[in-house]
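Hi,

Here is the structure I said I would pass on. Have a look at it first, and then read my notes below.

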Amino acid sequence: MSRKEKRKKKNRKKWRPRLPQVIYVLALIAVIIYVSNRGGAFSYALFYAMLFYPVLAFFYLLIVKASIRILQDLPSRKLKKRVEEPYRLVVENTSFLPASGIRLQVEPGRAEFHDDIISEELSMLPREKRSFETGLSCNYTGSYETGIARITFRDCFRLMTLTLKNPMPLRVQILPVVTGIARDDLSRATWSLTRGSMGGRRNEKEEILGNDMVQYTPGDPLKRIHWKNYARSGEAMVRLPEDKDFSLITVMLLLKSGSLESNEALARRDRFLTYAVSVAGAFAEQKKPVQFLFYNAAVKTVLVEDYEGLENLCSELSRELVQRDNPERVEALLREEAERRQCAALVIREGEEQLCPM
């Protein structure tokens, strides 16, 4: 295609959206000329109809906006990152009026559809229902809204547009993916911990560890609860691991404060969670226990001793994690919990994605 043909095609695309508006203006001018020359009841009726069309179109769009219903469905709200799942969308016009100029919109970059269902402009008859079945895959780890986010409505001349935020958004929980990006960092961190160069406490192998207990917190394995002590005192205590060659390592996860509405924030959280679970995966490969501390309204603890614990960690971290408290206070609480457990501690800060000393 020559440069001249490309320029013509670009100009056509530029003017095509404005064509209905141009037609309305030309029709209004033609009606004005017609009523000036001919007069009569019909010409005046046509003139006022064209003149008050924007007002009528506005009320028409309000009716359409109130009558459109959208239903989205997935087999599960807990999905894997970039794994396509069956997705069903139902759009219904409950009004007695036909609806046209309907467009479905999504948050760009968050998800991908197997078929293109958002570029088409929908026109629906009264009481009509349309279904779309395709596949949906999500691009970020975490908990957020995806699928159809908004609906726009236009009149036939495109003089005005109304936007309706989807009152029933599709909120999903996307599990993080374990990769090998943390293997080298883990080797460096454990090598430093055993020599005390990262400020961690080196714990020589003790002869008696069975009496070492800490208070139970959600996330600790039930098999380590001292049930006799619980039956006697009513206080749940957890035995620390016995016969260990080094301290049980604690990894603190420090989140950035702020909302996750933007794609930039979601991408940052995605990198952070991927790195965190990759650290846990590297520990699981070496069959070394590790506990993760993070804050979500309260201090949360997840112990990872095997791949089952790794799955629990992925599930917990993919929930809605929003840092609403003071970051300094949160970090102080996590440090206090790590010191109470008397374990060597490492830190992963959101936005840095590396293991650092506490």
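Strand S8 gives the largest share of the lining of the largest pocket, with four residues. Before I go on, bear in mind that this is a predicted model. S8 covers residues 142-146, and together with strand S9 (148-154) it makes up the elements that give two or more residues to that lining. In total, 20 residues line the pocket, and Arg110, Glu145, Arg171, Leu260 and Glu261 are the ones nearest its centre. What mix of classes does the lining have? It has nine charged, six nonpolar and five polar residues. The volume of this pocket is about 400 Å³. If you wonder how anyone finds a pocket, rolling a probe the size of a water molecule over the atoms shows where empty space is left.

Now zoom out a bit. The protein has 358 residues, and 43% of them count as buried. You can pick out nine helices and 18 strands. Among contacts with a separation of 6 or more, 70% are between residues 24 or more positions apart.

Next, the cores. The largest nonpolar core has 35 residues, and Tyr87, Leu89 and Val91 have the most contacts inside it. Strand S4 (residues 99-106) gives the largest share of this core, four residues. Apart from it there is another core of 29 residues, including Val251, Cys314, Ile348 and Leu355. Val91 is a good one to click on: leaving aside neighbours within four places in sequence, its contacts include Ile68, Ile70, Leu104, Leu122, Met124 and Phe132. Charged names turn up in its list too, among them Arg69, Glu128, Lys129 and Arg130.

Is Leu253 buried or exposed? Its relative accessibility is 3%, so it counts as buried. You'll find Leu253 in strand S14 (residues 249-254). Not counting residues up to four places away in sequence, Leu253 touches Phe272, Ala276, Phe292, Leu293, Phe294, Leu317, Leu334 and Ile348. Take Phe272 from that list: its C-alpha is 9.1 Å from that of Leu253, and the two are 19 residues apart along the chain.

For a contrast, try Ile63, in helix H4 (residues 53-67). Ile63 has 35% relative accessibility, so it counts as partly exposed. Leaving out residues up to four places away in sequence, Ile63 touches Ser95 and Leu97. Leu97 is 34 residues from Ile63 in sequence, with 8.3 Å between their C-alpha atoms.

Helix H7 (residues 263-285) is worth a look as well. Its 23 residues reach 32 Å from the first C-alpha to the last, close to the 33 Å expected at 1.5 Å a residue. Of those 23 residues, 18 are buried, so H7 is largely enclosed by the rest of the structure.

One last thing, about backbone angles. Most residues other than glycine have a negative phi. Which residue with a positive phi follows H7? That is Lys287, with phi near 55°. Lys287 sits in the loop between H7 and strand S15 (290-295), and with a relative accessible area of 73% it is exposed. Arg82 also has a positive phi near 55°. You'll see Arg82 in the loop between strand S2 (78-80) and strand S3 (85-93), and Arg82 is exposed, with a relative accessible area of 56%.

Cheers

Methods:
Residues are numbered from 1 along each chain as its sequence is written. This is a predicted model: local features need pLDDT of at least 70, side-chain atom pairs count only at pLDDT 80 or more; totals for chains, interfaces and linings use all residues. Side-chain values use heavy atoms; hydrogens and water are left out. On a 1 Å grid over the protein atoms alone, a cavity is a set of points where a 1.4 Å probe fits but cannot get out, and a pocket is an open set with protein on both sides within 12 Å along at least five of seven lines; lining residues have an atom within 4 Å of a point. Grid points are joined across faces, edges and corners, and a volume is the space filled by probe spheres set on the points. Ala, Val, Leu, Ile, Met, Phe, Trp, Tyr, Cys and Pro count as nonpolar, Asp, Glu, Lys and Arg as charged, and the others, Gly among them, as polar. The expected span of a helix is 1.5 Å times one less than its number of residues. Buried means under 20% relative accessible area, exposed over 50%, partly exposed in between (1.4 Å probe, protein chains only). Contact means heavy atoms within 4.5 Å. A nonpolar core is a set of buried Ala, Val, Leu, Ile, Met, Phe, Trp, Tyr and Cys residues joined through side-chain atoms within 4.5 Å.
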